[in-house]
Amino acid sequence: MREIKFGVIGCGLMGREFASAAARWMHLLNMPAKPVIVGASDVNAGAMEWFKTHHSLSTATTDYRELLADPNIEAIYCAVPHNLHEQIYIDCIRAGKHLFAEKPFGIDLPSAERIIAVNDEHPEVVVRCSSEFPFFPGAQRIVEMVQNGEFGQIIELKAGFCHSSDLDPNKPINWKRRAETNGEYGCMGDLGLHVLHLPLRFGFKPKNVRALLSNVFSQRPNAQGESVPCDTWDNAILACESAQGFPMLLETKRISPGDTDSWYIKILGTKNSAEFSTKHPKTLRTMPYEPGGRQAWQEEDLGYSSAYPAITGHIFEFGFSDAILQMWAAFVDELAGNQPKFRCATPAEALGSHHLFTAALESQRTGQTVTIK
Ligand SMILES: NC(=O)c1ccc[n+]([C@@H]2O[C@H](COP(=O)([O-])OP(=O)(O)OC[C@H]3O[C@@H](n4cnc5c(N)ncnc54)[C@H](O)[C@@H]3O)[C@@H](O)[C@H]2O)c1
């Protein structure tokens, strides 16, 4: 099997998820290529120790430019704070490395535009952005339903990504809760591309937005226990009109009491409706409808039916780390020269999400519905 040598920049929460997915590549069947992590970079030298234990690294460095100078490294996964995306992504692309980037893909709209301008100058470099939840079997079934036109006329789309851990006022602040490092978008930059990936893939572009953003806790304790400003939006509710004319209600929340990593999409149509949430990770709810017929939602347990075949039997469940593995399978498949069945989020989709979030900030400032470019 062809080996694609990867360097990882940012060895934190998400860097480790990729390292784990790469280490269990044997889980996938019939892949044309596999990722091999040969380099790691983190400004915190301690963060690289775990990588050194589990992968044979030829380079472990606090300066990511050393990875970019290594001709053996073909591709980079970059998972660093949002204020660093632009510089590091641009450096990766200019170095000719394929890039699996993290969302939101630049701290704000001008930053995303600058990254994309450099990518346009290097079309030979494959750049994709992380968004794993659409790889859940329930979400993939909804993708098929949209592609097959099963919904009839779409009445409404709701999608969201909800967490609740910030309900605890004593949760210490981190870079994700500071506008300087996370960006003015706050929870939208953190969670929003996850919510937008499928609607944008379906061509359901938001035409306009009325946003309701809330900052529930404006102070949080720092590592020393002192109360410091927490200046990012905790929650966002975005009411949009799609290009097709139906309403889209999108939400990204860090304070949604009771929710942990609850990603969902619900599409209501005249011929069929469907709902999937990671709260019930194996269950797809649908409501096929014939005029004059009964309106009864039905539930189906899907089991492990993934886009990329795996050793796990269909009778078992699918989870977060499986979605991460499937997302990586799609990226590596693309690097191997194939058309993935379901493509990872593209820079254009990330840009589409930036347009929405930028308009949402304006809507919050003005209290008006804002038209999106
Ligand atoms: N796809 C997802 O589900 C998901 C989930 C969480 C976070 N993310 C995204 O992943 C990215 C990273 O988030 P995280 O949760 O892994 O953060 P994290 O804080 O756990 O890890 C970030 C790492 O980057 C390192 N770093 C900082 N500056 C660096 C530099 N100049 N060079 C190399 N390393 C540097 C830090 O030391 C840290 O180890 C963000 O873009 C975030 O939005 C994605």
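**Exercise 1. Characterise the shell around the ligand by residue class and by the elements that supply it.**

By class, the ligand's shell comprises eleven nonpolar, seven polar and five charged residues, where Ala, Val, Leu, Ile, Met, Phe, Trp, Tyr, Cys and Pro count as nonpolar, Asp, Glu, Lys and Arg as charged, and the others, Gly among them, as polar. This is a predicted model, in which local features need pLDDT of at least 70 and side-chain atom pairs count only at pLDDT 80 or more, while totals for chains, interfaces and linings use all residues. Residues are numbered from 1 along each chain as its sequence is written. In total 23 residues surround the ligand, a residue being near if its C-beta atom, placed from the backbone, lies within 6 Å of the molecule; the closest are Gly10, Gly12, Leu13, Met14 and Glu102. Helix α1 (residues 13–23) gives the most to this shell, with three residues; helices (H or I, at least four residues) and strands (E, at least two) are DSSP runs, numbered from the N terminus.

**Exercise 2. Describe how domain 1 meets domain 2.**

The chain is divided into domain 1 (2–129) and domain 2 (133–313 + 345–366), with bounds from an automatic or database domain assignment. Across the boundary, 19 residues of domain 1 are in contact with 23 residues of domain 2, contact requiring C-beta atoms, placed from the backbone, within 7 Å. On the side of domain 1 that touches domain 2, α5 supplies the largest share, four residues, and by class this side has eleven nonpolar, five polar and three charged residues.

Terms used. Two residues are in contact if their C-beta atoms, placed from the backbone, lie within 7 Å.
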